[in-house]
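Me: Could you walk me through this model, one question at a time?

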Amino acid sequence: MEIRALRSGDDRSPFRSGDAVLDLFFHKYAGQNQFRHYLGTTYVAVEGEKILGFATVAPRHLDIDD
């Protein structure tokens with residue numbers, strides 16, 4: 001098993017956690033947040049090509065000065 005950052009070419013579609021809301025986030029938004037909006041990083045546990053689980057790390061809020 002390997003734990004690494006999500007890659008844009010990873011096939012997320014077969015993954016099912018058992019929680020529909022988490023699955024929706026992972027399938028639809030995890031890649032967008034990481035590769036397009038740079039809002040967080042998703043880490044995946046993989047065995048070969050199969051994703052076994054994931055965790056997303058994102059900032060709670062950002063303070064931006066003028």
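Me: Leaving aside neighbours within four places in sequence, which residues is Arg 4 in contact with?
Reply: Happy to help! First, this is a predicted model in which local features need pLDDT of at least 70 and side-chain atom pairs count only at pLDDT 80 or more, while totals for chains, interfaces and linings use all residues. Residues are numbered from 1 along each chain as its sequence is written, and side-chain values use heavy atoms, with hydrogens and water left out. With contact meaning heavy atoms within 4.5 Å, the partners of Arg 4 are Asp 10, Thr 42, Tyr 43, Val 44 and Val 46.

Me: Is Arg 4 buried or exposed?
Reply: Buried means under 20% relative accessible area, exposed over 50%, and partly exposed in between (1.4 Å probe, protein chains only). Arg 4 has a relative accessible area of 12%, so it is buried.

Me: Which side chain does Arg 4 join in a polar contact of 2.9 Å?
Reply: A polar contact is a pair of N or O atoms within 3.5 Å; within protein, one must be able to donate a hydrogen and the other to accept it, and residues adjacent in sequence count only if both atoms are side-chain atoms. At 2.9 Å, the partner side chain of Arg 4 is that of Asp 10.

Me: Which residue in β2 stands opposite Arg 4?
Reply: Arg 4 is found in strand β1; strands (E, at least two residues) and helices (H or I, at least four) are DSSP runs, numbered from the N terminus. Four bridges join β1 to β2 (residues 41-47), and the two run antiparallel. Opposite Arg 4 in β2 stands Val 44.

Me: In what order do the three strands form the open sheet?
Reply: Two strands pair if DSSP finds at least two bridges between them, and the pairing here is antiparallel. The edge strands, each pairing on one side only, are β1 (2-5) and β3 (50-57). The order is β1-β2-β3.

Me: How far apart are the end C-alpha atoms of α1?
Reply: The expected span of a helix is 1.5 Å times one less than its number of residues. The 17 residues of α1 should therefore span 24 Å, and this agrees with the model, where the end C-alpha atoms are apart by 23 Å.

Me: Which residue, just after α1, takes a positive phi?
Reply: The residue lies in the loop between α1 (20-36) and β2. It is exposed, with a relative accessible area of 66%. Its phi is about 55 degrees although it is not a glycine: the residue is Tyr 38.
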